[in-house]
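Biologist: I'm new to this structure and would like to learn how to read a binding site. Could you walk me through it?

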Amino acid sequence: MAIQRTFSIIKPDATKRNLTGAINAKIEAAGLRIIAQKRIHMTKAQAGQFYAVHAARPFYDELCEFMASEPVVVQVLEGEDAIATYRGVMGATDPAEAAEGTIRKDFAISKGENSVHGSDAPETAAEEIAYFFAGLELVG
Ligand code: CMP
């Protein structure tokens with residue numbers, strides 16, 4: 001598998017509980033490099049655009065409110081098979097189903113307040129990275 005990039009968010013439930021460093025320790029331990037990173041506070045509209053693919057879901061409004069409730073850390077990860085590697089480190093969306101040692105098993109509160117986001121495919125990774133970062137900000 002080639003070197004890939006993926007997009008990561010450390011969500012409000014995690015930044016609020018001061019878990020940014022603990023989460024990134026797991027990411028780096030998995031061999032992923034953080035090649036871009038910033039702390040931002042999204043508006044509900046910005047969160048809504050990011051999660052537009054979920055607009056028809058019953059939890060959409062709650063999700064956008066949550067993502068705009070506190071600062072988040074957005075970052076780009078690079079490494080071997082980065083999309084699948086990071087999804088493995090994150091664990092299942094629902095922390096009750098997440099494997100031992102994963103970020104969501106150790107830190108997530110619920111299916112909604114689940115501490116991290118990660119891209120699910122190369123196309124979405126490219127779109128999500130471009131939503132938050134200019135090319136010059138990716139410094140791997
Ligand atoms: P994420 O990987 O960021 O992509 C979509 C998000 O929707 C997901 O993580 C969860 O935080 C959220 N989500 C998924 N299912 C539910 C649910 N049943 N209730 C609330 N939020 C959800």
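Modeller: Gladly! Please keep in mind that this is a predicted model. Let's begin with the ligand's polar contacts: a backbone N or O atom of Gly112 lies 3.2 Å from an oxygen atom of the ligand.

Biologist: How should I read that distance, and which side chains have polar atoms by the ligand's oxygen atoms?

Modeller: A pair of N or O atoms within 3.5 Å is counted as a polar contact. Here, a polar side-chain atom of His117 is 2.9 Å from a ligand oxygen, and one of Asn114 is 3.3 Å from a ligand oxygen. As for cover, the ligand on its own exposes 460 Å², and the protein buries 81% of that.

Biologist: Which residues surround the ligand?

Modeller: A residue is counted when one of its heavy atoms lies within 4 Å. In this model, the ligand is surrounded by Lys11, Tyr51, His54, Phe59, Leu63, Arg104, Lys111, Gly112, Asn114 and His117. By class, this shell has three nonpolar, four polar and three charged residues.

Biologist: Where does the ligand sit?

Modeller: It sits in the largest pocket, which holds about 820 Å³ of space. That pocket has 31 lining residues, and those nearest its centre are Lys11, Tyr51, His54, Leu63 and His117. Two or more lining residues come from each of α3 (44-50), α4 (60-67), α5 (82-90), β4 (116-118) and α7 (122-132).

Biologist: Which element gives the largest share of the lining?

Modeller: That is α7, with four residues. Sorted by class, the pocket lining comprises ten nonpolar, eleven polar and ten charged residues.

Conventions
Residues are numbered from 1 along each chain as its sequence is written. This is a predicted model: local features need pLDDT of at least 70, side-chain atom pairs count only at pLDDT 80 or more; totals for chains, interfaces and linings use all residues. Side-chain values use heavy atoms; hydrogens and water are left out. A polar contact is a pair of N or O atoms within 3.5 Å; within protein, one must be able to donate a hydrogen and the other to accept it, and residues adjacent in sequence count only if both atoms are side-chain atoms. Accessible areas come from the Shrake-Rupley method with a 1.4 Å probe; for residues, only the protein chains shown count as cover. On a 1 Å grid over the protein atoms alone, a cavity is a set of points where a 1.4 Å probe fits but cannot get out, and a pocket is an open set with protein on both sides within 12 Å along at least five of seven lines; lining residues have an atom within 4 Å of a point. A molecule sits in a cavity or pocket if more than half of its atoms lie within 2 Å of its grid points. Ala, Val, Leu, Ile, Met, Phe, Trp, Tyr, Cys and Pro count as nonpolar, Asp, Glu, Lys and Arg as charged, and the others, Gly among them, as polar. Grid points are joined across faces, edges and corners, and a volume is the space filled by probe spheres set on the points.
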